[in-house]
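Trainee: Got a minute? I'd like to go through this model with you.
Mentor: Sure, put it up.

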Amino acid sequence: MKTSKAILIIVLTTVGVVILAAVGLIASSEYLNRKSKRELTQLVSELGPGTSFAVVKSRLGEPSQVYTNSEAIEAFGTTKDKSITTNCLLHKFFYRGIPYRWFLIYTDRDTNAVVYADWQDM
């Protein structure tokens, strides 16, 4: 009787620890996701239309990818607006926070100023 009671206590304790660990993992994942979205939204507002691309590069570094034709810009970007995709370049910067995401900067081909800024999940 004593051994079965001890085994039951061990099993229930183990199950409880596993449940607490799963809840902790889910909560921390949700926290990181929301924190990342807040940071990206803040960055999008800071590097909005009219910002010089030099300022963008000083904040984000070199872009990981650059798309030059409108078909690729529409395929790999977040906007399908022809007024943006026809006369712009799309610069994708890797966001190093967790979870990993892309920071997107659309710049005018002539002035090299930001026309549109956004982010997307990988």
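Trainee: How many helices and strands are there in the protein chain?
Mentor: The protein chain has 4 helices and 4 strands. Helices (H or I, at least four residues) and strands (E, at least two) are DSSP runs, numbered from the N terminus. This is a predicted model: local features need pLDDT of at least 70, side-chain atom pairs count only at pLDDT 80 or more, and totals for chains, interfaces and linings use all residues. Residues are numbered from 1 along each chain as its sequence is written, and side-chain values use heavy atoms, with hydrogens and water left out.

Trainee: In what order do the elements run from the N terminus on?
Mentor: The order is α-α-β-α-α-β-β-β. The chain's radius of gyration is 23 Å, well over the 14 Å from the globule rule for 122 residues, so the chain is more spread out than a compact globule. That radius is taken over C-alpha atoms, and the rule is 2.2 Å times the number of residues to the power 0.38.

Trainee: What does the C-alpha trace span along its principal axes?
Mentor: About 85 × 25 × 20 Å.

Trainee: Now the sheet. What is the strand order?
Mentor: The order is 1-2-3-4, in an open sheet of 4 strands with antiparallel pairing. Strand 1 (65-67) and strand 4 are the edges, and each pairs on one side only. Two strands pair if DSSP finds at least two bridges between them.

Trainee: How many bridges join strand 3 and strand 4?
Mentor: There are 7, in the antiparallel sense, between residues 101-108 and residues 114-121. One pair of bridge partners is Tyr106 and Tyr116, the latter in strand 4.

Trainee: And what about the turn between strand 3 and strand 4?
Mentor: The two strands form a hairpin with 5 residues between them. Asn112 in that turn has a positive phi of about 60°.

Trainee: At the other end, how many bridges do strand 1 and strand 2 have?
Mentor: Strand 1 and strand 2 (residues 88-95) pair over 3 bridges, also in the antiparallel sense. Gln65 has Lys92 in strand 2 as its bridge partner.

Trainee: Which strands does helix 1 lie across?
Mentor: Helix 1 (residues 2-46) lies across strand 2, strand 3 and strand 4, at about 10° to strand 3. Axes are lines fitted to C-alpha atoms, for helices over the stretch in contact (heavy atoms within 4.5 Å). Angles run from 0 to 180 degrees between N-to-C directions.

Trainee: What about helix 2?
Mentor: Helix 2 (residues 53-60) lies across strand 2, strand 3 and strand 4, running at about 165° to strand 3.
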